[in-house]
Amino acid sequence: MAIELFQIERQFSTTIYCDITGVKQGYMYLNQGTVAPEKAFGQGILMALGILLKSYSDRSLLLAFPEGYLTTIIQPQMREEVYAVFKKFASFQFITERHNDLLDIVNQMGHIDAIKQGSLHGYTKEQVETRKNNLAEEVKAKKKLNMPPDYQEVFLPPRGVVIDFETNSPHVKFARIFEVGAVKFENGIIIDRFQSYTNPGIKIPKSIRTLTGIKQSDIDSAPKTYIVMKQLLQFIGDTPTLVGHNLHTYDYELLRLFLDRFNLPHWKGNLLCTKKLARKIQLVVSDYKLSTLCQLFRISNNSAHRAQSDCEATFELLIALYNHTLLGKLKTEQGSLEFEEVLNLIQ
């Protein structure tokens with residue numbers, strides 16, 4: 001029997017591989033929900049062994065996971081209970097054989113299949129082999145299914161909030177938030193603003209300090225990320241549309257991740273990404289970075305890579321993109337220029 005424990009945010013799951021010689025092979029997935037971490041691994045073992053013990057107590061138990069797991073990620077009382085069950089088999093021993101890759105695949109399958117919390121779900125070896133090659137596409141499809149719909153109207157949203165986060169990493173999974181910014185707009189005008197540093201409990205990398213100008217002292221005296229995310233959610237309120245640059249793959253994903261992490265209610269509405277909108281209307285530019293598009297539309301962003309300033313620049317870009325879509329021209333401080341004229345100016 002091989003077993004592995006997984007954690008996604010505050011949710012735990014255990015996957016198990018069983019090879020009963022001459023009888024069958026298969027996998028099990030256990031959705032454990034928000035169980036205490038020190039109990040999760042022991043619960044998985046006990047549930048699986050409870051099933052095997054009913055019919056196979058006369059067999060030797062070969063445990064294909066490090067014995068150290070039982071001393072590092074399980075509470076002492078449960079560890080004693082686990083060893084007591086081991087001793088009910090003919091014999092038991094730990095072996096060096098591992099099945100981690102396939103156990104990871106089974107965990108992804110169970111997550112995609114939304115197995116009910118507390119349920120131990122079985123998968124045959126053939127099912128795992130069949131699905132493992134298509135798993136990446138299944139994960140992508142599930143993520144897309146859970147994503148809020150895009151704003152599809154022809155005109156600018158009558159109400160919305162632009163959000164932006166300054167973090168330590170471009171990868172959502174590893175990101176820790178240092179600053180949050182948001183601007184609320186109505187009928188094309190900003191009506192409210194929100195900005196706050198957050199203290200994620202880590203040091204700001206030198207590269208981030210240089211890029212943003214955020215100092216360690218700003219972070220050390222800031223409220224914890226949980227408090228700031230609650231404040232941001234309150235600021236967003238019942239706003240029907242969230243706006244951001246690279247919104248779908250970063251800012252909204254980060255928002256959703258931290259709402260999950262802190263067990264806060266999810267926002268529901270439409271997403272409007274200025275980067276995606278710029279691609280959709282086929283602007284002729286070298287790339288679709290916020291700085292490039294701001295240069296194209298002559299939008300000032302005096303504090304680039306700061307949350308509040310990036311929010312306001314993104315809002316101005318949003319207005320410019322809708323003006324271009326509807327009017328075919330760009331508004332500048334010098335008046336309106338035809339789009340081709342502006343391209344000539346910046347090339």
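**Exercise 1.** In this predicted model, work out which way the residues of strand S10 (residues 241-244) point, and whether they are buried or exposed.

*Solution.* Start with the directions: Thr241 and Val243 point one way from S10, while Leu242 and Gly244 point the other way. Keep the general pattern in mind: in a regular strand the side chains alternate between the two faces of the sheet. Next, look at accessibility: Thr241, Leu242, Val243 and Gly244 are all buried, and buried means under 20% relative accessible area.

**Exercise 2.** Which residues stand opposite Leu242 in strand S7 (residues 159-167) and strand S11 (residues 270-273)?

*Solution.* Take S7 to begin with. S7 and S10 run parallel and are joined by two bridges, and Val161 stands opposite Leu242. Now turn to S11, which pairs with S10 in the parallel sense over four bridges. There, Leu271 is the bridge partner of Leu242. Finally, follow the chain: S10, helix H10 (residues 247-261) and S11 form a β-α-β unit, and this unit is right-handed.

**Exercise 3.** Find where Ala114 and His305 sit, and describe the phi and the exposure of Ala114 and of His305.

*Solution.* A reminder helps here: most residues other than glycine have a negative phi. Ala114 lies in the loop between helix H4 (100-112) and strand S6 (120-124). Its phi is positive, about 50 degrees, although Ala114 is not a glycine. With a relative accessible area of 57%, Ala114 is exposed.

Move on to His305, in the loop between helix H12 (290-296) and helix H13 (307-327). His305 also has a positive phi, near 70 degrees. At 37% relative accessibility, His305 is partly exposed.

How values were computed. Residues numbered from 1 in each chain as written. Predicted model: local features only at pLDDT ≥ 70, side-chain atom pairs only at ≥ 80, totals over all residues. Heavy atoms only, no water. Buried < 20%, exposed > 50% of the residue type's maximum accessible area, 1.4 Å probe, protein only. Pairing = 2+ DSSP bridges. Right-handed = clockwise from strand over helix to strand, strands pointing away.
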